[in-house]
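Here's a quick look at the aromatic rings in this protein, plus a word on its surface. Have the structure open while you read.

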Amino acid sequence: MFDLERWEEIFSTIRKNKLRTFLTGLSVASGIFILVILLGVGQGMRNGIQAEFESDATNRVWVWTYITTKEYKGLNPGRRIQLTNQDFQGFMTSETSRIEYQSSIFRVNANLISYGKQSGSYAVQGVHPDNFFIENQQMSKGRFLNYIDVKNAEKVVVVSTKIARELFLNAKEPIAEYLKISGINFKVIGVYKDAKDEEEDNLFIPITTAQKVFGGGNHISNLTFTVKPEDNFDNTVKTSEELTQNVISYLKESHSVAPEDLSAVNAFNTLKEAKRYFTLIENIKLFFWFVGICTIIAGVVGVSNIMLIIVKERTKEIGIRKALGAKPWSIIGMIIHESIFVTAISGFSGLIVSMAILEILGPNLKVDYLVNPSVDFNVALATVFILILAGALAGFFPAWKAAKIQPIVALKDE
């Protein structure tokens, strides 16, 4: 039920103590403001880290080899380990149930690419069709390589938007045109773009074509795969770590490499790295919550203090009210009502200002590892309501103290 007299009392008290009420409200508003901004920054950092991993699939494992550093089974150190088609096929066949996409890669040394009078130096990679998903690419024109291209060792090529622009000068449709890779004609079947819209200098041709045309034999430069997602992130990370260790062990055994040799066979697990970063971000967000909540608590304590002062100043008035028959709960309600009002107005003010700043500045912020800082409005709103509840509790104890004042004692107060 709306009580006009109660509201008049609240505003009368606020007018009498404008500066004190303003400073108390400012501390509460600052607490919400700081908490929302910190949570927004935490989410922005998570978005930034996620954007960094978007250029490749986040569940990717990348494998490469180098030179042995230890003697093993009578073989001297210093051997260069060369991956082959059999390595790729053997491991992938043994782990089919847990691998999502797979591709071996053969890097072509011939980098001179030309179309008519235009030419440039770009990286040429022989790959399988799955490489499109592993690289997390998008097609802007045409198509990517398919299994028929690989089976028939077709002389076809997929170029990036950057290469298409530089070689074809944006004046000619590149699809179905022929460009030369080290003097050999390849038909352009597609133009891709990176998921992050970054410029790329890579051309992709079927791996069988790369091996046959450019003398690769059965050699490959790298092998890569992605892990099938499981029911939760931690299980997927665990599986990726197992597969990473399995592929290293498999290749070491196949090439007679000492198990303790850390140089000959190497792997990079993006999912493991992603977990490290995301765990770090979650810990930072927890720290932000801690800082924000501590700031809010400081504001709530300020509200409690000001209500204690108000009770002290109005002791005589409270005594008169009780002498005239005011019930203890009406006294408590009066104090709590004022406490909730100050807390709610301050909390919503801090929320509105902080959300407005994130909404206006967030999408336009250009900082490394910080992308579109934002916060779930429902979370922020729930925080304000919790703050209001805290404000009610902050007002309750001074109110309870006021309700226990004996009228005769209150009337003697100076």
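## Rings inside, a greasy patch outside

Phenylalanine 168 has a relative accessibility of 4%, so it counts as buried. Keep in mind that this is a predicted model. Its ring partner, tyrosine 115, is buried too, with a relative accessible area of 17%; the cut-off for buried is under 20%.

What does it take to describe such a pair? You need the distance between the ring centres and the angle between the planes. By the pairing rule used here, there are 9 aromatic pairs. Two of them look like this:

| Pair | Centre distance | Plane angle | Type |
|---|---|---|---|
| Tyrosine 115 and phenylalanine 168 | 4.3 Å | 45° | tilted |
| Phenylalanine 186 and phenylalanine 214 | 6.3 Å | 10° | stacked |

The tilted pair links distant parts of the chain: tyrosine 115 sits in strand β4 (residues 112–115) and phenylalanine 168 in helix α6 (residues 161–168), 53 residues apart.

As for the stacked pair, phenylalanine 186 belongs to strand β10 (residues 184–194), while phenylalanine 214 is in the loop between α7 (207–213) and β12 (219–220), so this pair ties together parts 28 residues apart in sequence. Phenylalanine 186 is buried, at 0% relative accessible area.

There's also an aromatic cluster, made up of Tyr101, Phe132, Phe133, Phe144, Tyr192 and Phe204.

Now for the outside. Leu19, Phe22, Leu23 and Leu26 make a nonpolar surface patch, together offering about 420 Å² of accessible area. Leucine 26 is part of helix α2 (residues 18–53), and its 41% relative accessibility makes it partly exposed.

How values were computed:
Residues numbered from 1 in each chain as written. Predicted model: local features only at pLDDT ≥ 70, side-chain atom pairs only at ≥ 80, totals over all residues. Heavy atoms only, no water. Patch = residues over 30% accessible without salt bridge, like charges linked within 9 Å, V, L, I, M, F, W, Y side chains within 5 Å. Areas by Shrake-Rupley, 256 points an atom, 1.4 Å probe, with all protein chains shown as cover. Salt bridge = Lys/Arg side-chain N within 4 Å of Asp/Glu carboxyl O. Helix = DSSP H or I, 4+ residues; strand = E, 2+ residues; numbered from the N terminus. Buried < 20%, exposed > 50% of the residue type's maximum accessible area, 1.4 Å probe, protein only. Phe/Tyr/Trp six-rings, centres within 6.5 Å; stacked < 30°, edge-to-face > 60°.
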